[in-house]
Each structure stands twice: as C-alpha cells, then as structure tokens.
Amino acid sequence: MSLSLLGRTATMRHMQATRSKPMTAYALTLRLLAVGVFGVSLVHIVFGVGSEPFLGSGVSAASQLDPNLDSQNRFYGAAFSLFGVVFWIASSDLERYRRLLELALLVFFLAGATRLISIVIIGWPIKKRNFMFFQFACF
C-alpha cells in the first residue's frame, strides 16, 4: 500500500470514530450558547438601535433614529455572531478546536468584564428591567 492510501485510511477511521462519539454535555452547552448568541445577533441585525429597549436600555426615540448609531449597532450585532460560529464549530470537535475555543471564551469573558468600566464610570444598569446586569452576571 502507498503512504497516501494509508494516510487516507487513517483519516477515514478517525472521522468515523469522531462521528460516532455522543455529544458531550460541554459540546451541547456550546451549541446552546451558539444559538443564544445567534438570537442576540439577529435581534441587533433586524432592529438596529431599536433592539436596545428590548434589552433594558433607556435609548431615546431620537437616538433610535440616528443612522450612525443604527449602523454601528447592526454591525456589532453581526460581528457578535462570530462567537456563535466559533462555539458551534468547536462543539463538533472539542479536541481539534480547543485553542480557538479557549481564546474565544477568554475574549467573550473579557467583553463581559468590560461592563465593570461602565458601572464605575456611569453607574449600574437601568433598574426597571436590569437585563444588562443579568447578562453581566452570566459572564
């Protein structure tokens, strides 16, 4: 047998073994997190700045009509979906994507932790819904 044929055979065995493994609780959690991230991203893409009142923000009606803020909000919503993509792909093969997943989770955590800056400079999130605090607590 040639080396390329042996290499392909080993690769095929690895792929079959990987596919037959049941999804772990960690992988399933990543998939659920990815779906949640996609949901949040979709809300921002569809509603722009208009999504902020859904999330507990007291954005004024005038601010919701600002094209710069709307464009920025939709862009960041779409960019946030990259976390969902990484979580979904990494859940398919935790060993292979371990480093990428660790880096993505670190950045995700640090992004949540930066909310402390806002709390220090501006104050606690709006109390009427307090959804932003709930998001911060999740990180």
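These are my notebook entries on a nonpolar core, helix 2 and Glu102 in a predicted model.

**Ground rules.** I number residues from 1 along each chain as its sequence is written, and side-chain values use heavy atoms, with hydrogens and water left out. As the model is predicted, local features need pLDDT of at least 70 and side-chain atom pairs count only at pLDDT 80 or more, while totals for chains, interfaces and linings use all residues.

**Core.** I looked up the largest nonpolar core (buried Ala, Val, Leu, Ile, Met, Phe, Trp, Tyr and Cys residues joined through side-chain atoms within 4.5 Å). I found 10 residues in it: Leu30, Ala34, Val37, Phe83, Val86, Phe87, Ala90, Leu101, Ala104 and Phe108. Helix 2 (25-47), helix 4 (67-92) and helix 5 (98-113) each supply at least two of them. Helix 4 gives the largest share, four residues. Helices here are DSSP runs (H or I, at least four residues), numbered from the N terminus.

**Helix 2.** Which of its residues are buried (under 20% relative accessible area, 1.4 Å probe, protein chains only)? I noted Ala27, Leu30, Arg31, Ala34, Val37, Ser41 and His44. They pack against helix 4 and helix 5. Beyond its neighbours within four places in sequence, Leu30 is in contact (heavy atoms within 4.5 Å) with Phe87, Ser91, Leu94 and Leu101. Just after the helix I met Gly48, with a positive phi near 60 degrees.

**Glu102.** I placed this residue in helix 5. Is Glu102 buried or exposed? Its relative accessible area is 34%, so I logged it as partly exposed (between 20% and 50%). I also have its C-alpha atom 9.9 Å from that of Ala90, 12 residues apart along the chain.

Conventions:
Helix = DSSP H or I, 4+ residues; strand = E, 2+ residues; numbered from the N terminus.
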